[in-house]
Amino acid sequence: MTAKELEQTVNHHAPPAGLPPLVEAMWWQAHGDWEKAHLMAQDVPEAAGAWVHAYLHRAEGEPGNAAYWYEQAGRPMAQSSLQEEWFGIVRALLSP
């Protein structure tokens with residue numbers, strides 16, 4: 001599955017089966033369920049989980065909280081649009 005294909009499913013009732021947890025979290029955020037996405041992201045302790053967590057707080061409009069999570073992820077604060085970052089994260093998470 002590609003990021004574009006995933007984006008085309010966000011109007012469905014549920015995410016596609018078998019998604020990795022962080023990709024599913026990104027799906028829920030795009031679907032409009034920030035809380036569910038946040039719960040999923042905070043359960044992943046590695047840097048990728050912190051990156052998704054950072055994005056979610058940036059999307060929520062909390063730059064201070066987002067900055068903390070970008071630091072935990074070892075990444076600079078994103079300067080791109082939320083949509084561009086969403087695609088970048090999903091592409092990275094779906095890469096083998």
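Begin by selecting the buried residues of helix α6 together with their surroundings: the elements that cover these residues include α1 (3-7), α2 (21-31), α4 and α5 (63-73). The model on display is a predicted one.

Next, display α6 itself, residues 82-94. This helix has 13 residues and spans 18 Å from its first C-alpha to its last, close to the 18 Å expected at 1.5 Å a residue. Within α6, select Glu 85, Trp 86, Phe 87, Ile 89 and Val 90, which are buried.

Now turn to two of the covering elements, α4 and α5. Their axes come within 8 Å and cross at roughly 165°. Because angles over 145 degrees count as roughly antiparallel, α4 and α5 are described as roughly antiparallel to each other. The crossing of α4 past α5 is left-handed.

To inspect this contact, select Ala 47, Ala 50, Trp 51, His 53, Ala 54, Tyr 55, His 57 and Arg 58 on the α4 side. On the α5 side, add Asn 65, Ala 66, Trp 69, Tyr 70, Gln 72 and Ala 73. Colouring the selection by residue class shows nine nonpolar, four polar and one charged.

Finally, remain on α4 (residues 47-60) and centre on Gly 49. Is this residue buried or exposed? Gly 49 counts as buried because its relative accessibility is 1%, where the cut-off is under 20%. Leaving aside residues up to four places away in sequence, Gly 49 touches Leu 22, Ala 41 and Val 44. As a last step, draw a C-alpha to C-alpha distance from Gly 49 to Pro 21: the two are 28 residues apart in sequence and 9.3 Å apart in space.

Terms used: Residues numbered from 1 in each chain as written. Predicted model: local features only at pLDDT ≥ 70, side-chain atom pairs only at ≥ 80, totals over all residues. Heavy atoms only, no water. Helix = DSSP H or I, 4+ residues; strand = E, 2+ residues; numbered from the N terminus. Buried < 20%, exposed > 50% of the residue type's maximum accessible area, 1.4 Å probe, protein only. Contact = heavy atoms within 4.5 Å. Expected span 1.5 Å × (residues − 1). Axes fitted to C-alpha atoms, helices over the stretch in contact; angles between N-to-C directions. Parallel < 35°, antiparallel > 145°, perpendicular 65-115°, else oblique. Left-handed = near helix turned anticlockwise from the far one by under 90°. Nonpolar A, V, L, I, M, F, W, Y, C, P; charged D, E, K, R; others polar.
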